[in-house]
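Open the model in your viewer and get your selection tool ready. We will visit a pair of helices, then another helix, and finish with the whole chain.

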Amino acid sequence: MLEHHAARTPDRPMAVSAARSATYAEALDRSLRVAGGLSARGVGRGDVVGLLSYNSVEMLETIFAANALGAIAMPINWRLAAPEIRYLLEHSGAGALVCDAELLDLGGDAAAGLDLLRICVPVPGIDGAGGDGWATFEELAAAEPAPRAEAAGSDVHRLMYTSGTTGRPKGVMLTHANLAWKNAAHVAELGFTAADVGLACGPLYHVGALDLITTSLISVGATTVVHRTFDAAAVVDEIERSRVTCVWMAPAMLRAVLDEPDVERRDLSSVRLIIAGGEKLPIPFIDRLERTFPSAWLADAYGLTETVSGDTFLDPASTRSKLGSVGRPCPYLDLQVWDAEGRPVPPGERGEVVLRGPKVFAGYWRDPDATARAFEGGWFHTGDIGVVDADGYVYIVDRLKDMIISGGENIAGSEVERVLDEHPAVLEVAVVGRPHERWGEVPVAYVVARPGSAPTADELIEHCRGQLARFKVPADVEFLEALPRNPSGKVLKRELREER
């Protein structure tokens, strides 16, 4: 796609940021040169290239560069703690780490002692040399362009780690075909054209900003404005200045934008599409959003990393009549609701949401057992409990995986439990989500202390801070004499969520 648009609209901006911009022709040239620099340093087909970076044009160029070699790009959540990032680098077998200059301390701690190529991406106003052992992105970009490798649709284009039901994240293998079918589905569903101007204000390590906006827009030759990090005031200014037409924002981000002073007096009429999802939006919130963005379709959506995002979208005519629904499936995707025996249930009945189609991922990296479980019966098991009504509209009503969604970030309670279990004063622990006005949910730990121990909430929270990303650290710790369990001994997390 990059070659296609570079040949036809070479001077159209592909990505624009405060630091630099790149036309389609420039992005193609730079990507192939960076590929040449990576190749000269030993990166080749099938190798994993980690990307630890705030949003930047260079991050997009690195994804293209890796794919030009037949290598695999792996965006990394920069909110993770160094031990968590190290696990991703080790489990993926990454051969290179491309690191934002502002994140060098984090990247250096995570990669200490690992045998991998280190590349530092310079940032204006920040030393971009990186120190011993770090090459610079500009050194790579000065290389001779690499010839583009041939890739099959089944080859892995990208590796993205997502929180799962176990204490460790799993690597989601997204293929070139997955991305192509996702782009085709979203162009058909959402009407992207080359005239659109997107805003990537969420993190590009997340499928929301990267795939619901940026890669879809690149596929049609449009322009994406890239914000380094999310800032609500900057989002409002950018929409007004650049006449942004499309944006993805998690509900917490949308709330922050709507809370900006005098936001309803700003001219945000250029926005035709706001993609959201992850929690139910009340009518007063929708009313405010429609006053602030008078031309926008609020496309409430449901999707997963495993499907390159965006599996269902709620159409504009049904925003109120189907309140709480995430809409109907996009093209090229089958969705059913199954009972515990793997049989489709009638409309209106609850069951597990299962998916099938060419945008559904190839499996979990180096985890054949998890892959087999996920595709039992030939469909991908999402772990989400849903209902499909008589009109085909999907409602997500619960989560089998007890996933906590905080500010658009997935948190597996088991990840937090694993860390708290390591504290000597903790006998047992369960972590669930608690509703939060700003973040949607925050993790809360319910702890049973060991006999003779008297840990404090602050002590256990501090224990988590050194090992977990900040957004995964419990917002509160409550102490119980015993965790609620069913007759078979399973902890009743629903009871903790609903009754406490």
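Select Leu179, Lys182, Asn183, His186 and Val187 in α7, then add Asp211, Leu212, Thr215, Ser216 and Ser219 in α8: these two groups meet, contact being heavy atoms within 4.5 Å. Three of the residues in this contact are nonpolar, five polar and two charged, with Gly counted as polar. This is a predicted model, where local features need pLDDT of at least 70, side-chain atom pairs count only at pLDDT 80 or more, and totals for chains, interfaces and linings use all residues. Numbering starts from 1 along each chain as its sequence is written, and side-chain values use heavy atoms, leaving out hydrogens and water.

Now show α7 (residues 176-190) and α8 (residues 207-219) in full: they pack at an angle of about 90 degrees, and their axes are 9 Å apart. The two helices are therefore roughly perpendicular, a term for angles of 65 to 115 degrees.

Next, select α11 (residues 283-292), whose buried residues are Phe285, Ile286, Leu289 and Thr292; buried means under 20% relative accessible area with a 1.4 Å probe, protein chains only. These residues lie on the same side of α11 because they cover an arc of only 125 degrees around the axis. Add α10 (251-258), β13 (273-277) and β14 (297-302), which are among the elements covering them.

Finally, zoom out to the chain, with its 15 helices and 26 strands. Its C-alpha atoms fill a box of roughly 65 × 55 × 50 Å along the principal axes. Of the 500 residues, 58% are buried.

Note on methods: Axes fitted to C-alpha atoms, helices over the stretch in contact; angles between N-to-C directions. Helix = DSSP H or I, 4+ residues; strand = E, 2+ residues; numbered from the N terminus. Parallel < 35°, antiparallel > 145°, perpendicular 65-115°, else oblique. Buried < 20%, exposed > 50% of the residue type's maximum accessible area, 1.4 Å probe, protein only. Arc of directions from axis to C-beta.
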